[in-house]
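Please open the model in your viewer and keep the selection tool at hand. The tour below goes from one selection to the next and says what is found at each stop.

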Amino acid sequence: MTKYILVSGGVVSGIGKGVIASSTGLLLKTAGLKVTAIKIDPYMNIDAGTMRPTEHGEVYVLNDGGEVDLDLGNYERYLDVTLSKDNNITTGKIYREVIDKERRGEYLGKTVQIVPHVTNAIQDWIQRVSKVPVDESGEEPDICIVELGGTVGDIESAPFIEAMRQFQFRVGHDNFALIHVSLVPDMHGEQKTKPTQTTVHALRGLGLLPDLIACRLLGRQPLESSTKDKISMFCHVASEQVIGVHDVSSVYHVPLLLHGSISQGLNITEEWVSKGLSLEAKWRGVTKGQERLFDEVKIVLVGKYTDLKDSYMSVIKALEHSAFRVRRKLTIQWVESSDLESSTQESDPAKYHDAWRAVVGAGGILVPGGFGKRGTEANPFLGICLGFQMAVVEWARSVLGIPDAQSTEFVPDAQNAFVVFMPEISRTHMGGTMRLGLRPTVFDRNFETWSKARKLYGGNEKMWERHRHRYEVNPEHVQRLQESGLTFVGKDEKGERMQILELKDHPFFMGLQAHPELCSRPLNPSPPFLGFIAASCGQSDLDEQIQEQLRSFHPPHPEHSMVR
């Protein structure tokens, strides 16, 4: 029977439940177990698709087109699994399901209430999704990690807390464990336990008893033994059930930090451990090698939401994975896209010149969105989604000599629209109406001898990546763009939509309509990001990685998902 591990949080939100949940899952995978994960977000939205990145960070897109919380990206990266939109539960989804059942008369005239109808719907959802295979084995998972967003005591999470209280009896105590993550603040050199005592007391009052208490410390100082004993005494758990999680140089070290405590606390047997030693050895190799890196690769990331780094979580992780592979220490310099505009030159000349100095002096330039071609004549350049579209617009302006070239996303009535709204997309409904999910790109055979993109994808005729967009390159201008030297080396299966662009004689100039960062893995980095980082290190590094990709590239997607 599937076993369930609930990860809850107390005191404050945003203290690392997602990383701890992912790390716990990874440790269980190294024990030879098949692991899946579910994230509960107690907000009323149906999904994350209509929320600004400044609300909850980036919107993470899954193979099935689900727009979900960024923590599902952590799960996929750590566990090397492929999840679905049903792995993200929201209050909106649960209430919609219950109300739809009520409208269909499935409650047989009963008064529909939070308990039992909403709480049963939550439990049924978790139990159903936990049985779905998420890796290439095609087998039912052994363990399901359930992360409850927010903090214990929040009004919006109350139905989920009650559902999990009931759930422990539905599946049995032997098949249910609770890890509670709490903050242990350091005040003038003293680690304070009262916040943890208070949140555990509240949790116990709601009918849930923690099996492990993960104490989050905001600093490099580990949890002191006296603090551990005090939490043990006042929170009714054994001392070995209290884990300290202090800051480390990289989140990839967290699984190793938790290794002994999780194994002991969850009774992982030696027989299981022996099955996962290969994965553990690879993970240790990546994290230990990272500590010994001295050579640096400097990347400038130009974006619209640089104040909140979580807006580009998957981009950052894809860069990190690629830097691991080429054995370089990654340094990211953030540049606000508006600082590069001519209006800033007038209002704040110092900021304008500092921004352009950073761009021109970078080893490589990455544009998730809203930037042009200036300053990239010799630098490796990677444009993603909007960055891909803006590269097309800037090419039209700078090379074709069309100064009013535009995207209709910004100027709806543009006379020279090089990027246009896709005809099949709804203009009235925002949620779930974009071109979403895993889609193929077919490489043009005419460019296979020189296309770096194709070689980085192993020389295959077709590649698969996840999409999230409403606009596309205007097909009316494609021939003109190509004749001027901007080559679209990859298109959709009908050959109608432009999906990858390259410049033949540039060290590395590539743009993708898709979001390849979403499928990057620590042990299997995204091909475009790998090529970009390698090119930023030097031509020999790029040549080396291209040859390695031609020999060993394998897609991160299950075989059954790469079929249309």
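Two strands are said to pair if DSSP finds at least two bridges between them. With that in mind, and remembering throughout that this is a predicted model, begin by selecting strand E2, residues 35–41, together with strand E5, residues 88–90; three bridges join these strands, which run parallel. Within this pairing, look for Ile-40 of E2, whose bridge partner in E5 is Ile-89.

Keep E2 selected and add strand E6, residues 143–148, which pairs with E2 in the parallel sense over six bridges. Here the residue to pick out is Thr-36, which has Cys-144 of E6 as its bridge partner.

Now show the side chains of E2 alone. In a regular strand the side chains alternate between the two faces of the sheet. In E2, Val-35, Ala-37, Lys-39 and Asp-41 point one way, while Thr-36, Ile-38 and Ile-40 point the other way. Are these residues buried or exposed? Seven of the seven residues of E2 are buried, so that the strand is mostly covered.

Next, move to the open sheet of nine strands, which can be selected in the order E13-E12-E14-E15-E23-E22-E21-E18-E19 and in which the pairing is mixed. Strand E13 (329–336) and strand E19 (462–469) stand at the edges, and because each has a single partner strand, one side of each is left without a neighbour in the sheet. If you follow the sheet across, the twist averages 25° from one strand to the next.

Inside this sheet, select strand E12, residues 296–303, and strand E14, residues 364–367, which run parallel and are joined by three bridges; Val-300 stands opposite Ile-365 in E14. Then add helix H15, residues 386–398, which packs on the sheet and touches E14, E15, E21, E22 and E23, its direction making about 115° with that of E15.

For the last stop, select helix H7, residues 194–205, and helix H8, residues 225–235, which pack at an angle of about 30° with their axes 10 Å apart. Since angles under 35 degrees count as roughly parallel, H7 is therefore roughly parallel to H8. The crossing of H7 and H8 is right-handed. To see the contact itself, display Thr-196, Gln-197, Val-200 and Arg-204 of H7 along with Lys-230, Ile-231, Phe-234 and Cys-235 of H8; by class, this contact has four nonpolar, two polar and two charged residues.

Conventions. Residues are numbered from 1 along each chain as its sequence is written. This is a predicted model: local features need pLDDT of at least 70, side-chain atom pairs count only at pLDDT 80 or more; totals for chains, interfaces and linings use all residues. Side-chain values use heavy atoms; hydrogens and water are left out. Buried means under 20% relative accessible area, exposed over 50%, partly exposed in between (1.4 Å probe, protein chains only). Helices (H or I, at least four residues) and strands (E, at least two) are DSSP runs, numbered from the N terminus. Axes are lines fitted to C-alpha atoms, for helices over the stretch in contact, and angles run from 0 to 180 degrees between N-to-C directions. Contact means heavy atoms within 4.5 Å. Angles under 35 degrees count as roughly parallel, over 145 as roughly antiparallel, 65 to 115 as roughly perpendicular and the rest as oblique. A crossing is left-handed if the near helix is turned anticlockwise from the far one by less than a right angle, and right-handed if clockwise. Ala, Val, Leu, Ile, Met, Phe, Trp, Tyr, Cys and Pro count as nonpolar, Asp, Glu, Lys and Arg as charged, and the others, Gly among them, as polar.
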